[in-house]
Amino acid sequence: MKLAYDLHLHSCLSPCASEDMTPQNVCRMARLNGLDLIALTDHNTGGNLKAFDQAAREHGLLFLPGMELCTAEEVHLLAYFPSLEAALEADARLPHLRGSMKNRPDYFGQQTLVDHRDRVLGQEEAFLLGALATSLEETVSWITSFHGVAVPAHIHRSYGLVQVLGFIPQSAGFRAVEAGPKDQIDENYLVLHSSDAHELGLIAQKEHLISAEKNLDSIISTLQYGITV
Amino acid sequence: MTIELVARLAQANILAHGDHARDVTCGYACDLLSWVMARGQKGMAWVTVQTHLNVIAVASLHEMACVLLPDGLEMEGAVLEKAREEGIAVLSSPLSAYRLCGLLYQNGLHDLPG
């Protein structure tokens, strides 16, 4: 079946995103826009995944747990996981890769942890906008070790794979990439057009569809192999 | 300028011996590979903190002479192997990129060949 998706969304946990990007707000907006499938991809963290998973369920949306990881080369890589459990397991290991820098909310913005009812649980203290200690290929292997799949984000924009590294390295084995609707991409890649929304008004409308069954395993293998299997 | 002279000025270790017959004709410093792809020159000495395999691809595309890593950076074995294959020398210097560029420029290596 064809699913209307937005697989690149930031919550109030990303310092650069609006404080309005709470689970209930994002899920309501996604429903209003006619989406079937959403992913939460905060910078270098999965701290709000559990809340979004529950809220998405309540609103009848299929929820793909994700993260947007920044590699040592400063390439932004989307990581998608086949279950909330796998994503949370990966999240628990992230502090080892993130370094010890603390957030400066006055400078970078709030990093707000919430529950599925949008209640504030606290602030994440670790700085989430830095680069991880792992290289591109190491980060891909790390994601794979949690049964996840890596998709380079906005490859022609700042922090995009092609912008930083000049072209798509074959060694990383990507089959899907995220790009703008007008970007010219090799037809061998499955191209995702997600919003990278940092505020509610920028969440995707029902305009881009992915062919997959309505379950996470099918979505993951579609991203992994570049085709629906 | 020879690659040996660049290495001496930079106080650098040679991590990969490239094609030492290549004359170093100019220098450039940038870490965005897409940027360098559009501005690389034959015989260039390129100062970058990037150590990914794509660095060697960009350097060989332009038949550069060497890649110069500042701040004592290292490169993985597989990347160095590719550099040797492509005839690109890889040098690692303890100096900062700023200092390296200043030193090389002062010694006559400018940003355009000739």
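Student: How many helices and strands are in chain B?
Tutor: Chain B of this predicted model has five helices and five strands. Helices (H or I, at least four residues) and strands (E, at least two) are DSSP runs, numbered from the N terminus.

Student: In what order do the elements of chain B run?
Tutor: From the N terminus on, the order is α-β-β-α-β-α-β-α-β-α.

Student: Any ground rules for the numbers and letters?
Tutor: Residues are numbered from 1 along each chain as its sequence is written, and chains are lettered from A and ligands numbered from 1 in the order in which they are written. Local features need pLDDT of at least 70, side-chain atom pairs count only at pLDDT 80 or more, totals for chains, interfaces and linings use all residues, and side-chain values use heavy atoms, with hydrogens and water left out.

Student: OK. What is the radius of gyration of chain B?
Tutor: Chain B has 12 Å, which agrees with the value near 13 Å for a compact globule of 114 residues. The radius is taken over C-alpha atoms, and the globule rule is 2.2 Å times the number of residues to the power 0.38.

Student: And how much of chain B is buried?
Tutor: Of its 114 residues, 46% count as buried. Buried means under 20% relative accessible area, exposed over 50%, and partly exposed in between (1.4 Å probe, protein chains only).

Student: Which residues of helix α3 in chain B are buried?
Tutor: In α3(B), residues 53-61, they are Asn54(B), Val55(B), Ile56(B), Val58(B) and Ala59(B).

Student: What do those buried residues pack against?
Tutor: Within chain B, they pack against α2 (33-39), β3 (44-47), β4 (66-69), α4 (77-86) and β5 (89-92). They also pack against α6 (161-165) of chain A.

Student: So on to both chains. How many residues of chain A are in contact with chain B?
Tutor: Eleven residues of chain A are in contact with eleven of chain B; contact means heavy atoms within 4.5 Å. Gln163(A), Leu165(A) and Phe167(A) supply 47% of the area that chain A buries against chain B, more than any other three residues. Buried area is the accessible area (1.4 Å probe) that two parts lose on being put together, summed over both.

Student: New topic: where is His116(A), and is it buried or exposed?
Tutor: His116(A) is in the loop between β5 (112-114) and β6 (120-123) of chain A. With a relative accessible area of 17%, His116(A) is buried.

Student: What is His116(A) in contact with?
Tutor: Leaving aside neighbours within four places in sequence, His116(A) is in contact with Pro23(A), Gln24(A), Ala51(A), Gln54(A), Ala55(A) and Glu58(A).
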